[in-house]
Each structure stands twice: as C-alpha cells, then as structure tokens.
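User: Hi! I've just opened this one and would love a quick tour. Can you walk me through it?

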Amino acid sequence: MDKEKLYRFFEGNVTVEEGMEIRDWMEASAENKRIFMKEHKLFSAILLQDKRRIASVPGQSRLRTLLKSDWLRVAAIVLITLSLNAVYQHYVADNKELAMSIVSVPAGQRTNVTLPDGTNVWLNARTTIRFPEKFSTRNRTVELMGEGYFDVVKDKERPFIVKTDKYSIEVLGTKFDVEAYPDEEKFVTTLMQGSVKLTSQASPSHQVTLKPEHKATLKDGRLEVSKVTDFNPYRWKEGLISFKDEPFLTIMKDLEKYYGFKIIINNQDVLKYSYTGSFRQTDGVDYALRVLQNDISFSYKKDNETQIIHIN
C-alpha cells in the first residue's frame, strides 16, 4: 500500500473508492494490519510534534474545503474511517506483544504440557510446541513441529488452532493426534473425539473435515481420509511403540526418533520387509532390534560414542 495514500486517509483526504481500497487491503492479512498500525502510530507522532504549527493554520481554509466537497462523499469517508478505526482498535487490543512459551522434547523423551486454557497436550520425541502465555480473545493458536496428542478444552467462542508447516487444524473441543515433523513429508491427523477441520497452508481453499475414528494422511500433495481400525500406534504417550504392517525403513526412522541414534541401513534386503508388533520405549533400542531380528534376518553394530547404528 502506498504510504502517501495511507497518510491522506489518516488526514481524511481520500475518495470513497480509495477508502474502500485501504479497508480491503488492511483486512486482507494480519501483516497488512500490522503495517496499518505502525503507520498510524507514526502519523500520530508527527501530528503531536507539529501540534503548534497545525494550530496556527487558519480554520477557514479547511472549512471552505469541506464546504466545497459533496456531503455524501464526506459522510461515506467518515463511515469508512470509523469502520477502519474500529478494526484498528480491536487489532491493537487483541494483538499486544505476548510472552511466548516454547517446549522442546529431545529424542528418546516425551512430555505432558498443560496450556493456558487447560488443554492437555502430550508431546512425542523430537517435538516442539510454541504457544502464548495467555491466549487471545479470538482464538487459541499454537504452533507444532513434530507429534502431539491434544485433549482440547471446549470453548465455543474461541476455536483451538494447531499450526504445522503443512496444515492448520481447527477445533472447538476434541481429542486428536497430529504428526507433522518439518523434516519429513509425512503428515497425519487422527481424530478420536469431536470434529476437526484441516486447512492447507499452501492452498487455504483445500479443506477437509474429519469425523471421529478417522484420519487424514497426506499423499501426493492431497489428504486421504480413512477409517482408523487400530489405535495402538497412538499409545506412544503411554510409552508403547506399536507397528502394524509398517515397512522396515519406517520403523528405523521411528527408532531414530525415539532413541536419538542415526541408523544407517547397509543391508538393502531388509527394506522389502514389513513388521507388526509392539514394545515399550523403556525396553531400549537393543531390545527393539532383537525383536525385529526374530522375523527379519539382519545384524547390527551400535556405536554409543557416535550414536550411530549400522544395519548389516
């Protein structure tokens, strides 16, 4: 937006069309509202500094200008100005700088967090959540990088929104699991109770609403919805690691996440196998690999110093 036009708007010296254009521009994004707020503050500061000079200008000049203007045009501009000012004041009141809390969970760990509204969140290994110390009056927005299980406190006036790098998940009160590690293409949202709406970050028009006991999985750039028949994989918050017909490579990626080791697969034959089973995270990576060896023929070498495991 042209700053000169903004300043003319603050002065009340724009056409109706220009005022509507500024209104549409400001309401288009939060960043535009921020710019509007910044320039309005600067304009107010300039007026304050030049108060004496402005006071010395004869009032008759401005009066004659107003009298020459069409009164309908002036009334329309006043209405637009009042509308924009109301949006501006609401934005200022609702977007003050808030202290943010960040919780990061290292590999091999998991933790439980209670958010300011009472929502309970379990965070899986290698997961980070970012949230304000106090939610706004309009919504309850958190940012998630990794996997989290949410038990959301119901609030009809303020939807709960989980932002990931791929999709945003919006709810009122529900239980659901989100897996969205930024370094992986995989994105899965599984709904246990309630209802959630998923919106693509890249294409906001792409939205999917889930029913209970269904999940949305990102495949080839689109979300595929399917019925959930096995909820054991979501018992990770209890320390249980479960797999159902999962490829060997996927299992190794999960072991990297849970135990913090880098796993290098030298034996390509193992990649053709899938596995179904479960074990507790506290059993350790050696136990997990030995369980897999009962069904799949491979050997491994673990270097605790470098945190690397070679699958041979």
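Analyst: Happy to. One term before we start: a residue is called exposed when its relative accessible area is over 50%, and buried when that area is under 20%. Also keep in mind that this is a predicted model.

User: Good. Then is Asp220 buried or exposed, and why?

Analyst: Asp220 is exposed, because its relative accessible area is 82%, and the cut-off for exposed is over 50%.

User: Where does Asp220 sit?

Analyst: Asp220 is in the loop that links β12 (214-219) with β13 (222-227). Those two strands make a hairpin with two residues between them. The phi of Asp220 is positive, near 55°, and this residue is not a glycine.

User: How do β12 and β13 run, and how many bridges join them?

Analyst: They are antiparallel, with six bridges joining β12 to β13. One bridge pair is Ala216 with Val225 in β13.

User: Tell me about Ala216, then. Buried or exposed?

Analyst: Ala216, which belongs to strand β12, has a relative accessibility of 0%, so it counts as buried.

User: What does Ala216 touch, leaving out residues up to four places away in sequence?

Analyst: With those left out, Ala216 touches Phe187, Val188, Thr189, Leu198, Leu210, Leu223, Glu224 and Val225. Take Leu198 from that list: Ala216 and Leu198 are 18 residues apart in sequence, and their C-alpha atoms are 8.8 Å apart in space.

User: And Thr189, what does it stand opposite?

Analyst: Thr189 stands opposite Ala216 in β12. As for the strands, β9 (residues 188-193) and β12 run antiparallel and are joined by four bridges.

User: Switching topic: what's the phi of Asp245?

Analyst: Asp245 has a positive phi of about 50°, although it is not a glycine. Asp245 is found in strand β14 (residues 240-247). Its relative accessible area is 54%, so Asp245 is exposed.

User: What about helix α7, how many residues does it have?

Analyst: Helix α7 (residues 248-259) has 12 residues. From its first C-alpha to its last it reaches 16 Å, close to the 16 Å expected at 1.5 Å a residue. Just after α7 comes Gly260, with a positive phi of about 80°.

User: How many residues of α7 are buried?

Analyst: Nine of its 12 residues are buried, so α7 is mostly covered. Among them are Phe248, Ile251, Met252, Leu255 and Tyr259, and the charged-looking names in your sequence view, Asp254, Glu256 and Lys257, are on the buried list too.

User: Which residues of α8 does α7 meet?

Analyst: On the α8 side they are Val285, Ala288, Leu289 and Leu292. From α7, the residues that meet them are Phe248, Ile251, Met252, Leu255 and Tyr259. There is a general pattern worth recalling: an α-helix has 3.6 residues a turn, so residues three or four places apart point the same way.

User: At what angle do α7 and α8 pack?

Analyst: The angle is about 165°, and the axes of α7 and α8 are 11 Å apart. The two helices are therefore roughly antiparallel to each other, since angles over 145 degrees count that way. The crossing of α7 and α8 is right-handed.

User: There's a sheet beside them. What's the strand order?

Analyst: The order is β15-β18-β17, three strands in an open sheet with mixed pairing. At the edges stand β15 (262-265) and β17 (300-303), each with a single partner strand, so one side of each has no neighbour in the sheet. On average, neighbouring strands are turned by 15° against each other, direction ignored.

User: And which strands do the helices touch?

Analyst: α7 packs on the sheet and touches β15 and β18, with its direction making about 155° with that of β15. Helix α8 (residues 285-293) also packs on the sheet, touching β17 and β18, and its direction makes about 175° with that of β17.

User: How do β17 and β18 pair?

Analyst: They pair in the antiparallel sense over four bridges, with β18 covering residues 308-311. One bridge joins Asp303 to Ile308 in β18.

User: Last one: how many helices and strands are in the chain?

Analyst: The chain has eight helices and 18 strands. Of its 312 residues, 38% are buried.

Technical notes. Residues numbered from 1 in each chain as written. Predicted model: local features only at pLDDT ≥ 70, side-chain atom pairs only at ≥ 80, totals over all residues. Heavy atoms only, no water. Buried < 20%, exposed > 50% of the residue type's maximum accessible area, 1.4 Å probe, protein only. Expected span 1.5 Å × (residues − 1). Pairing = 2+ DSSP bridges. Axes fitted to C-alpha atoms, helices over the stretch in contact; angles between N-to-C directions. Contact = heavy atoms within 4.5 Å. Parallel < 35°, antiparallel > 145°, perpendicular 65-115°, else oblique. Left-handed = near helix turned anticlockwise from the far one by under 90°.
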